[in-house]
Amino acid sequence: MVTIRPATLDDVDRVIALRTQAFNIDEHGRDSMRKDPRVDEVRVAELDGKVAGTARAIPFAHFFGGRPVEAAGISGVAVAAEARGKGVGTTMMRELLRELRPAVPISTLYPATVPIYRKAGYGFGGVRTFWKARLDALPQDGSLSAAPFTDDDVEEVNAAYELFASGTNGLVRRSADWWRRRVFNDWENRIAYRYLVREEGRVTGWIVYMLAKGTGEAWRMNVDVRDLVWTTAAAGKTLLSLAALHRSTGETMTWPGPPTDPLADLIAEDPIENDGTFRWMLRLLDVPAAIEARGYSPLIDASVTIAVRDSLFDENEGPWNIEVGCGQAKVFPAEQADATVDAQMLASIWSSMHRTRDAARIGGLQATPQAIEALELIFGGPLPWIADFF
């Protein structure tokens, strides 16, 4: 029998052992978890009285439609090798989502494997894309000055970040703790170099990067960017020029960015290449609350009725009447629906990951032509992406 309970400090060593077996975590990573186990966010699954699985729910928010939507990021899902295939992971995820639903409208995660999360109602919510360019191809004529920034500057940088994040979909709202642990910290214990650019006294860009071993000679290295944000062309070129200063010993720069990164237009040629894309997943825990929580274009005035197929939460099924205007949505019970959608596909539509026409082609949405048009108008927007890993 599988039972789920909150973790305690007595479980820390077992939780670390499970994560190490699942993700091959090195000693530095294990030591970091021992020093800061965050047991209040961790749940464990017991199989016949022995801890056989673990998962963590991290509280934060994602920006969608210009507004932060409270979320639970699921991380560190691990099941002992000898307990796999016995329903431990499935039971753990279902019970965890039932616990989270009253507190947050959505949940996100990076899947190590997809089927278990699809069964729990997750669909693809966005992408984490890495780009790569040769250092000697980057511009070398930045017109501004890039200065190192310290912890004292984080509040100002974060204000600029939130303004930037509100203009796209998916980016995570960052607390001071998030900056410290997930932007500046490194699992490989490398040094984080941080620089910012100001124009007329305000922050218009910054870069956080580490150095990684290159190919060939031992002194060859690559610039491994953790965070790169720019809001003006001058700031973007200056930050690229800063990275280019490593070209005497460096080879390439990699950075996380949107699925089609306009940063490429600041480079004379077209030398950037996709260095990998990881699709993350999203689950609408409370459908009406999630629809009302995100923002919408203030130019939209539309309505549609939907029904939802959700094997875990009957409360999500509706039907629901969605009315959008003045940049916000209101959701009311309806008697019938013009569109029926799987919980998994609704997550992809809600996040702007999939256009409704594509959702219909995939098979997760059945709708009238008018409903498809309305859903396209309501949920269309920038393709969602994340720079951070959790």
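These legends accompany close-up views of one predicted model. In this predicted model, local features need pLDDT of at least 70 and side-chain atom pairs count only at pLDDT 80 or more, while totals for chains, interfaces and linings use all residues. Residues are numbered from 1 along each chain as its sequence is written, and side-chain values use heavy atoms, with hydrogens and water left out.

**View 1. An open sheet of 12 strands has mixed pairing.** The strand order is 1-2-3-4-5-12-6-11-10-9-8-7. Strands are DSSP runs of E with at least two residues, helices are runs of H or I with at least four, and numbering starts from the N terminus. Two strands pair if DSSP finds at least two bridges between them. Strand 1 (2-6) and strand 7 (146-148) stand at the edges. Each has a single partner strand, so one side of each is left without a neighbour in the sheet. From one strand to the next, the twist averages 30°. Axes are lines fitted to C-alpha atoms, for helices over the stretch in contact, and angles run from 0 to 180 degrees between N-to-C directions.

**View 2. Strand 3 and strand 4 (residues 67-79) pair in the antiparallel sense.** The pairing extends over 11 bridges. Arg-56 has Ser-75 in strand 4 as its bridge partner. Helix 5 packs on the sheet and touches strand 3, strand 8, strand 9 and strand 10. Contact means heavy atoms within 4.5 Å. The direction of helix 5 makes about 100° with that of strand 9. Helix 1 lies across strand 2 (42-47), strand 3 and strand 4. Helix 1 runs at about 75° to strand 3.

**View 3. Helix 1 (residues 12-23) and helix 2 (residues 27-35) cross at roughly 150°.** Their axes come within 10 Å. The angle makes helix 1 roughly antiparallel to helix 2. Angles under 35 degrees count as roughly parallel, over 145 as roughly antiparallel, 65 to 115 as roughly perpendicular and the rest as oblique. Helix 1 contributes Ile-16, Arg-19 and Thr-20 to the contact. Helix 2 contributes Arg-30, Met-33 and Arg-34.

**View 4. Helix 6 (residues 176-184) has its buried residues on the same side.** These are Trp-178, Trp-179, Arg-182, Val-183 and Phe-184. They cover an arc of only 160° around the axis, which puts them on the same side of helix 6. The arc is that of the directions from the helix axis to the C-beta atoms. Buried means under 20% relative accessible area, exposed over 50%, and partly exposed in between, with a 1.4 Å probe and protein chains only. The cover over these buried residues includes strand 3 (50-64), helix 5 (154-165), strand 8 (193-199), strand 9 (202-213) and strand 10 (221-230).

**View 5. Thr-238 sits in helix 7 (residues 233-244).** Thr-238 counts as buried because its relative accessibility is 4%. Leaving aside residues up to four places away in sequence, Thr-238 touches Gly-142, Ser-143, Leu-144, Ser-145, Ala-146 and Val-197.

**View 6. Five strands form an open sheet with mixed pairing.** The order is 15-14-13-16-17. Strand 15 (328-333) and strand 17 (365-367) stand at the edges. Each has a single partner strand, so one side of each is left without a neighbour in the sheet. The twist averages 25° from one strand to the next. Helix 9 packs on the sheet, touching strand 13, strand 16 and strand 17. The direction of helix 9 makes about 100° with that of strand 16. Helix 11 (residues 369-379) also packs on the sheet, touching strand 13, strand 14 (320-325), strand 16 and strand 17. The direction of helix 11 makes about 105° with that of strand 13.

**View 7. Strand 16 (residues 339-342) pairs with strand 13 (residues 302-309) in the parallel sense.** This pairing has four bridges. Ile-306 stands opposite Ala-339 in strand 16. Strand 16 and strand 17 pair in the antiparallel sense over three bridges. Here Val-341 stands opposite Leu-365 in strand 17. Side chains alternate along strand 16. Ala-339 and Val-341 point to one face and are buried, while Thr-340 and Asp-342 point to the other and are not.

**View 8. Helix 9 (residues 343-350) is mostly covered.** Seven of its eight residues are buried. They are Ala-343, Met-345, Leu-346, Ala-347, Ser-348, Ile-349 and Trp-350. Ser-352 follows helix 9 and has a positive phi, near 75°.
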